[in-house]
Structures are given as structure tokens and as C-alpha cells.
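Dear colleague,

I am passing on the structure below, together with some notes on what turned up in it. Please look through the notes with the structure open beside you.

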Amino acid sequence: MKFFCATDVGCVRTLNEDTYYMPQEGESFAAVADGMGGHKAGEVASSMAVRVLKEILSAERSVSEDRMRYAFSRANREVYLESEKDTGKKGMGTTMTALWFSSDTVVMGHVGDSRAYRLRDGDLLRASTDHSYVQELVKIGAITPEMARTHPQRNVITRSIGPWPRVEADVVSFDYQKGDIWLLCSDGLTMYLEDEDIRKILADNKPLNEKVTDLIQMALDAGGADNVTVLIAAGECEAHE
């Protein structure tokens, strides 16, 4: 696999609460986490969650839904316990979305409103479902997906890592095919870009690292009020940048 990632603090904030993980030698997983804005120590929560995920998955020899689920559970527990023992971190939390690759399978773990996408043969699949208040409104037909992007409560998260002793992660397996392009991103991207915008950039005939740059720049040009992180995974050979 080839992995490319970049993050930007954005045009408004002074602190980047996003954390990402790029696989090291022998590893085949990646993750993006977004410390919850408005909560104390969001950057601590996101970095802790990613660290725990790395510790657990790097010890495994084969891709497993059970181990992905356990990694999210452990990450939640450790972030929660840290927030309970330190009043300065009380209530901290984070989203986290991770992908774990084998030769024919991709296991996704997901909590929050960071997202995972897959581009295959020019078609874009949103692999994750936002755990957010506006997504619940979309689900019941109260608002449209277009309205959700500008809804005043679009930042209200209904499920995240850290604020509660337990959390249920969405863990789903997908088939992997040569030529697939996978994207992980924080909501600093998706609050500004429509899925079709993302599809066009991913489908463009450009190097993967330039696609990462283009996605981030598009979000910044549209306002960039939040941290934005973009990670792309594709191909079959080993390369990390």
C-alpha cells in the first residue's frame, strides 16, 4: 500500500487537535482522530486514542474485526480514565476512524464524525456513518443532507471516544480490490466539501500526494475554520510520506 497524509491547523484556530497515524514497516493500518472542539485537551484525547490503537493493532498478525473493536474499546477506556483523574482534562473526547488492510479485506473502525471513503471505478462510497445529531435528523427525514452541512447543530456529536466509560464502535469489513483509493479525513474537510467534490479530486489523474494537497487547499479556500486532516491509502507497494 501507499499512504499519503497531511494536516493543517486551518484559517481560524491556533491549535491542531487532529491526530493521524501512518503505518510503519510491517503494519497495514491507518487512522485519523479529531479531538472534540470546545472540550478540554482535545489534542490529548486524539493522540491517546491513536496511540492505543497502534499498540493493539501492531501486535496482531492478521486483520480482525474483533481486534479492531477491542482497540476502540481500550482507547475509549484509557481516554476516559485519564479525563477522570485529571480535572484539567475532564470531558475530553475525540472521534477516530481507522482502516486495516489485508490483501483482500479492509476492516474499518469508526466513532464520531470523521469519515472513511472508498473510490472504486470512479464511484465514491461513504464507508462510515456520522455519529452526529444532524445525521440522526437526516436519517428520519427531518432535514436533507445538504441542510445538514449548514445546520447550527452540525457539530453536536452523539458518539465519541472518551466522555463515557464505554462506547460502541462501528466495525465493518469491505472487500479490497486493486485500484481502490481509500480516504480518511476529519470533519474540517467534509464541512466544506460535498461528496462529489471529493470524488472528483480522488478520481483525477494526479499523484496521490497532490490529491491530499488539493483536498486540504479546497477546504482552506472555502473558509477553513477547523483543523483539516486528509489521509489517502491506495496501491500495493510499500511507501510512506
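**Asp180 and its surroundings**

Leaving aside residues up to four places away in sequence, Asp180 is in contact with Arg118, Leu119, Arg120, Asp175, Ala233, Ala234 and Gly235. Please keep in mind throughout that this is a predicted model. Asp180 has its place in the loop between β8 (170-175) and β9 (181-185), and with a relative accessible area of 1% it is buried. Its side chain is joined to that of Arg120 by a polar contact of 2.8 Å, while a polar atom of the Asp180 side chain also lies 2.9 Å from the backbone nitrogen of Gln177.

**The sheet**

Five strands make up an open sheet, in the order β2-β3-β4-β5-β8, and the pairing is antiparallel. The edges are formed by β2 (18-21) and β8, each of which pairs on one side only, and the twist from one strand to the next averages 10°. As general background, strands of a sheet pair through backbone hydrogen bonds, either parallel or antiparallel.

Within this sheet, β4 and β5 pair in the antiparallel sense over six bridges, and a hairpin of three residues joins β4 to β5. Two of the pairs can be named: Leu99 has Met108 in β5 as its bridge partner, and Trp100 stands opposite Val107 in β5. On the pairing of β5 with β8, the sense is again antiparallel, over six bridges, and here Thr105 has Asp175 of β8 as its bridge partner. Asp175 is also listed among the residues that Asp180 contacts, which offers a convenient way to move from the sheet back to the loop described above. As for its surroundings, β5 is mostly covered, with six of its seven residues buried.

**The nonpolar cores**

Which residues have the most contacts inside the largest nonpolar core? This core has 28 residues, and those with the most contacts inside it are Leu53, Leu57, Met68, Phe72, Val79, Met96 and Ile161. At least two residues of the core are supplied by each of β3 (29-35), α1 (42-57), α2 (65-85), β4 (94-101) and β5 (105-111), and the largest share, eight residues, comes from α1. Apart from this core lies another, of 21 residues, among them Phe4, Ile181, Leu183 and Leu202.

Met68 is a useful residue to follow through the largest core, since leaving out residues up to four places away in sequence, Met68 touches Leu53, Leu57, Ala98, Leu99, Trp100, Val107, Met108, Gly109 and Val171. That list includes the residues of both bridge pairs named above, Leu99 with Met108 and Trp100 with Val107.

**Helix α1 and Leu57**

Helix α1 has 16 residues and reaches 23 Å from its first C-alpha to its last, close to the 22 Å expected at 1.5 Å a residue. Its buried residues are Gly42, Ala45, Ser46, Met48, Ala49, Val50, Val52, Leu53, Ile56 and Leu57, and these pack against β2, β3, α2 and β4. Leu57, which lies in this helix, is buried with a relative accessible area of 2%. Leaving aside neighbours within four places in sequence, Leu57 is in contact with Phe29, Arg67, Met68, Ala71 and Trp100. By way of a distance across the model, the C-alpha atoms of Leu57 and Ser132, which are 75 residues apart along the chain, are separated by 27 Å.

**Two loop residues**

Is Lys89, in the loop between α2 and β4, buried or exposed? Lys89 counts as buried because its relative accessibility is 19%, and the cut-off for that label is under 20%. The Lys89 side chain makes a polar contact of 2.7 Å with the side chain of Glu82. Lys89 and Ala41 are 48 residues apart in sequence, and their C-alpha atoms are 5.5 Å apart in space.

Asp121, by contrast, counts as exposed at 73% relative accessibility, and it lies in the loop between β6 (115-120) and β7 (123-126). Its phi is near 50°, a positive value in a residue other than glycine. Most residues other than glycine have a negative phi.

With kind regards

Terms used
Residues numbered from 1 in each chain as written. Predicted model: local features only at pLDDT ≥ 70, side-chain atom pairs only at ≥ 80, totals over all residues. Heavy atoms only, no water. Core = buried A, V, L, I, M, F, W, Y, C linked by side-chain atoms within 4.5 Å. Buried < 20%, exposed > 50% of the residue type's maximum accessible area, 1.4 Å probe, protein only. Helix = DSSP H or I, 4+ residues; strand = E, 2+ residues; numbered from the N terminus. Contact = heavy atoms within 4.5 Å. Polar contact = N/O pair within 3.5 Å; in protein donor to acceptor, adjacent residues only side chain to side chain. Pairing = 2+ DSSP bridges. Axes fitted to C-alpha atoms, helices over the stretch in contact; angles between N-to-C directions. Expected span 1.5 Å × (residues − 1).
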